[in-house]
Amino acid sequence: LHELRKAGDGPLIFHSRSGELRVDRDDKNNLFFLDFPSRPAKAMDCPEVLLQGLGTTPRAVLASRDILAVFDNEEQIRALEPDFSLLRQLDCLGIIVTAPGTDVDFVSRFFFFSVGIDEDPVTGSAHCTLIPYWAGRIGKKELKARQVSRRGGELYCIDSGERVNIGGQAVLYQSGTLHLEGF
């Protein structure tokens, strides 16, 4: 991370299939924030296979790209033991489960079985739906979240209307140098 900090004060910009992804540094809090489009969810009828696959009934069910199942408390989220053979029958990319947290604004887990990952440890794309939901529900634009998967992680979230910013700490995994000829 020290080397990334020496790269300049501007954002890091990645070009992806879904467009430009911008990463801003918050040096004061040692965080990196990614800027994503907001993906609000709308209420939907609860499919029976969702209830069977989760083994319990959520308080509310909403849909965006993913299905969002809202529960009453963190313990319910931690206790879920989904039946992925049933959940795979649903027509969605993944299932987000969420509830108010005990020491954070909200907790979540993300079951991303459509791409071969039963449970993703920490999921930025799911928070594109979670942030507008929780910002509207509790009336805050800045939220602290925890994904309570086995590995888990904490996220710092900002609702900016049509965009959301998702922040967290990062560890340098690998570095290298690329030499391009002919430019």
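Helices (H or I, at least four residues) and strands (E, at least two) are DSSP runs, numbered from the N terminus. The model is predicted, so local features need pLDDT of at least 70 and side-chain atom pairs count only at pLDDT 80 or more, while totals for chains, interfaces and linings use all residues. Residues are numbered from 1 along each chain as its sequence is written, and side-chain values use heavy atoms, with hydrogens and water left out.

**Exercise 1. State where N30 lies and describe its backbone and accessibility.**

Step 1. N30 is placed in the loop between β2 (19–26) and β3 (31–37).

Step 2. The phi of N30 is positive, about 55°, although N30 is not a glycine. Most residues other than glycine have a negative phi.

Step 3. Accessibility is classed by relative accessible area: buried means under 20%, exposed over 50%, and partly exposed in between (1.4 Å probe, protein chains only). N30 has a relative accessible area of 34% and is therefore partly exposed.

**Exercise 2. Determine the surroundings of S108 and trace the strand pairing from β8.**

Step 1. S108 belongs to strand β8 (residues 106–112). Its relative accessibility is 1%, so S108 counts as buried.

Step 2. A contact requires heavy atoms within 4.5 Å. Leaving aside residues up to four places away in sequence, S108 touches I77, V97, T98, H127, L130, R146, Q147 and V148.

Step 3. Two strands pair if DSSP finds at least two bridges between them. Strands β8 and β10 (residues 142–147) run parallel and are joined by three bridges. Q147 in β10 is the bridge partner of S108.

Step 4. From β10, six bridges lead to strand β11 (residues 153–159), and these two strands run antiparallel. Within this pairing, R146 stands opposite E154 in β11. β10 and β11 form a hairpin with five residues between them, and G152 in the turn has a positive phi of about 65°.

**Exercise 3. Count the salt bridges and characterise the pairs R65 with D66 and E74 with R78.**

Step 1. The criterion is a side-chain nitrogen of Lys or Arg within 4 Å of a carboxyl oxygen of Asp or Glu. Applying this rule gives twelve salt bridges. Side chains of opposite charge can pair when their charged atoms come close.

Step 2. R65 and D66 form a salt bridge with an N to O distance of 3.0 Å. D66 is buried, because its relative accessible area is 0%, whereas R65 is partly exposed at 27%.

Step 3. For R78 and E74 the N to O distance is 2.9 Å. The two residues are four apart in helix α3 (residues 74–79), so about one helical turn separates R78 and E74. R78 is partly exposed, with a relative accessible area of 47%, while E74 counts as buried at 6%.

**Exercise 4. Locate the partners in the salt bridge of D118 with R88, and identify the residues of the salt-bridge network.**

Step 1. The closest N and O atoms of D118 and R88 are 2.8 Å apart. This pair links distant parts of the chain, 30 residues apart: D118 is in strand β9 (residues 117–120), and R88 is in the loop between α4 (84–87) and β7 (95–100).

Step 2. D118 counts as partly exposed at 31% relative accessibility, and R88 counts as partly exposed at 45%.

Step 3. Salt bridges that share partners join D103, K144, R146 and E154 into one network. R146 and E154 also stand opposite each other in the strand pairing of Exercise 2.
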